[in-house]
Amino acid sequence: MSYVGRKHVKHDDVWKDKLSLSDKPSLIIKNIEENNFGTFVCKVSDSMKLCMKQTFQLFKVNVSMEETSPVIPGDSLTLSCNVETHRKPSVFWINPMGQREYPEIAETRHNGEWACVVEDNGKESRFKLPVSVVDFSSTSEHLFTSTNFPLTVPFLITPNAFVQQIPTKIKSVQWFFIPQTSSDRQSIFSISPKNEPQVENPRGLNYENFTKGGNFSLYRKLSSVDDRGNYTCSITFTNGFTISRTVLVEVLQIIPSPGTDLISGQPLNLSCSTGGPLGPDVQVIWFPPKTSSLAKDELRSGHLMIPRVGTEDSGSWRCELRRSGATLTSAVITLKIEPILTVWMMVTICAAAVILILLLALAFTLFRRRQRKMRHLRHRLCKCETPKPKGFYKA
């Protein structure tokens, strides 16, 4: 590059389409290959003499993992970082948490991107290496659902490349449950991938064929309040190492008091709850029917008190849990509210019908009693004989 900005780049077989100069000036090398490593010299001179000379060493660094990916927890984990130079730079590894570490045995926390750090002459260079260790996927460990939705407790194994090894690398799988209202740990399933398919357990939960998709999730067609609690899936590998994942399940439910069938004018309490305290960042929002007088109000309490309901309050009431504007789950109930006049008319008609039936029964009873008396009287009259006249003799 000349002082007036003219540039010339060599384009022989080794450097073809690889070199360019920036305005700084800096030498840019694209798509480095094996024969591009070595020593680079930058010279700055005028027409008479050399003003500056700077030398750069471009070293080749090889990073690799000896084991086949993915690695099973408990197996060996060997990372290699080889610098091809006669110099003696400082070389060390940084784990995915940003800490120095030289791993020997694979753990689930080792899953992620590692960096080989090479320090030489006060300069630091980093070379990334992805490490894949079998683990549960990073799905949320806090699940919200409601009594209106199915129950799915997610337990997924990653990476997908391990799924084909499940029948040979997994010794057993166990699921446990601790209810929200108890500390007793209950066993749900305990199986081996080689076992026959498990039948539905007493809790009504099922799982799919996890040897196909690595899906160890539990399912039920509809959630219930009895599903509240902690679910744990533990996988034991053939090397004896065990990994576990626990998911907290919270089930939202709307409780109406005194019920969903009401008479206009009755008081109503609605409770929207998961059976325990909600986090400070979780909000409760109600959505009444559009015909309700409360439809335009902002109802943001877990408990609603309506002194007198009306027929306009009939319909679906929805309660939502939200965090940072996102809906976590929702529950719905349907209220049926009858007009008070119609109810009293029905009561009057029913009362009149009862009275009429009682009168008919009484009339029938009196009629039957009168009939019995008449029969008895005729029977007595028939038994009486006519007396013979005195002085009458047979010829």
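**Four domains and one interface**

Let's start with the layout. The domain assignment splits this protein into four parts: domain 1 (19-58), domain 2 (60-133), domain 3 (136-250) and domain 4 (258-338). Keep in mind that this is a predicted model.

Next, what the record says. UniProt, in an unreviewed entry, lists "domain: Ig-like" for residues 59-132 and 250-334. Take residues 59-132. This span is 0% helix and 47% strand. Its end C-alpha atoms lie 27 Å apart. Now residues 250-334. Here the chain is 0% helix and 53% strand. The end C-alpha atoms of this span are 22 Å apart.

On to the interface of domain 3 and domain 4. How far apart are the centres of these two domains? Over C-alpha atoms, 33 Å separate them. Domain 3 brings 8 residues to the contact, and domain 4 brings 11 residues. About 780 Å² is buried between domain 3 and domain 4. Carbon and sulfur atoms give 48% of that area.

What about specific pairs? The count of salt bridges across the interface of domain 3 and domain 4 is 0. Polar contacts do turn up: 6 residue pairs across this interface, both residues at pLDDT 80 or more.

Which element gives the most to the domain 3 side that touches domain 4? Strand S11 (residues 142-146) does, with 3 residues. By class, that side of domain 3 has 2 nonpolar, 4 polar and 2 charged residues.

Now some backbone details. There are two cis peptide bonds to show you, each leading into a proline. One runs from Thr158 to Pro159, with omega near 0°. Where is Pro159? Look in the loop between strand S13 (157-158) and helix H1 (166-169).

The other cis bond joins Ser257 and Pro258, and omega is about 15°. Pro258 sits in the loop between strand S19 (242-257) and strand S20 (261-263). Check that against the layout: domain 4 is assigned as 258-338, so by definition of those bounds Pro258 is its starting residue.

One last stop, Asn31. Asn31 is not a glycine, yet its phi is positive, about 50°. Find Asn31 in the loop between strand S2 (27-29) and strand S3 (38-45). On the domain map, Asn31 falls within domain 1 (19-58).

To recap the interface: domain 3 and domain 4 bury about 780 Å² between them, with 0 salt bridges and 6 residue pairs in polar contact.

Technical notes. Residues are numbered from 1 along each chain as its sequence is written. This is a predicted model: local features need pLDDT of at least 70, side-chain atom pairs count only at pLDDT 80 or more; totals for chains, interfaces and linings use all residues. Side-chain values use heavy atoms; hydrogens and water are left out. Contact means heavy atoms within 4.5 Å. Buried area is the accessible area (1.4 Å probe) that two parts lose on being put together, summed over both. A salt bridge is a side-chain nitrogen of Lys or Arg within 4 Å of a carboxyl oxygen of Asp or Glu. A polar contact is a pair of N or O atoms within 3.5 Å; within protein, one must be able to donate a hydrogen and the other to accept it, and residues adjacent in sequence count only if both atoms are side-chain atoms. Helices (H or I, at least four residues) and strands (E, at least two) are DSSP runs, numbered from the N terminus. Ala, Val, Leu, Ile, Met, Phe, Trp, Tyr, Cys and Pro count as nonpolar, Asp, Glu, Lys and Arg as charged, and the others, Gly among them, as polar. UniProt positions are given in the numbering used here, feature names are shortened, and annotations may be inferred rather than shown by experiment.
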